[in-house]
Amino acid sequence: MDTWGGVWYDFSTLAKKSERVDKGRPAKSGLSAASKGDVLNRLKTVRGMTDGIHKMVDEDVYCMQVLKQISAARASLDRVARILLQNHVATCFVAQVKAGETDGAVTELMETLNFQRELI
Ligand SMILES: [Cu+2]
């Protein structure tokens, strides 16, 4: 179980559901080398931001300043998610549809979007 936006989700159940749509799904990410580099750089930035938030909390920085930094880190992570989603649709999703696994591809995409509501 894990929490997402204050709501508890059982990610192990999601994984089990996703196993049902494995047929036709590529084994690995469809990220190009350029996109992967972009995503990794953005994640490095997010890590720096979360390290900064950690330090701010540790040093008792004013609450509203910490919350602004949390919002900024969240927005950066959302941008990473958008890049991954766009790449997924352009590569993995298309491959699944071409393999005749449209229903599974759509189900997987919709299940995932339920955990990425800020992207829809
Ligand atoms: Cu994908």
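Helices and strands here are DSSP runs, numbered from the N terminus.

**View 1. The whole chain runs β-β-α-α-α-α along the sequence.** This is a predicted model, with 4 helices and 2 strands in the chain. Don't look for much of a buried interior: buried residues make up just 4% of the 120 in the chain. Of the contacts with a separation of 6 or more, 66% are between residues 24 or more positions apart.

**View 2. Residues 1-9, where the pLDDT drops below 50.** For the chain as a whole the average pLDDT is 85, and 79% of the residues score at least 70. The stretch of residues 1-9 still has 8 contacts in the model beyond near neighbours in sequence. Low pLDDT means the predicted coordinates should not be read in detail.

**View 3. Helix α2, from residue 33 to residue 58.** Its 26 residues reach 37 Å from first C-alpha to last. At 1.5 Å a residue you'd expect 38 Å, so α2 comes out close to that. Just past the end of α2 sits Asp60, with a positive phi of about 55°.

**View 4. Helix α3 (residues 63-98) against helix α4 (residues 102-113).** The two axes come within 7 Å and cross at roughly 150°. Angles over 145 degrees count as roughly antiparallel, so that's the label for α3 and α4.

**View 5. Who meets whom between α3 and α4.** On the α3 side, it's Phe93, Gln96 and Val97. They meet Thr102, Gly104, Ala105 and Leu109 of α4. By class, this contact has 4 nonpolar and 3 polar residues, with no charged ones.

Definitions and conventions. Residues numbered from 1 in each chain as written. Predicted model: local features only at pLDDT ≥ 70, side-chain atom pairs only at ≥ 80, totals over all residues. pLDDT = per-residue confidence, 0-100. Contact = placed C-beta atoms within 7 Å. Axes fitted to C-alpha atoms, helices over the stretch in contact; angles between N-to-C directions. Parallel < 35°, antiparallel > 145°, perpendicular 65-115°, else oblique. Nonpolar A, V, L, I, M, F, W, Y, C, P; charged D, E, K, R; others polar. Buried ≥ 20, exposed ≤ 12 C-beta atoms within 10 Å, placed from the backbone.
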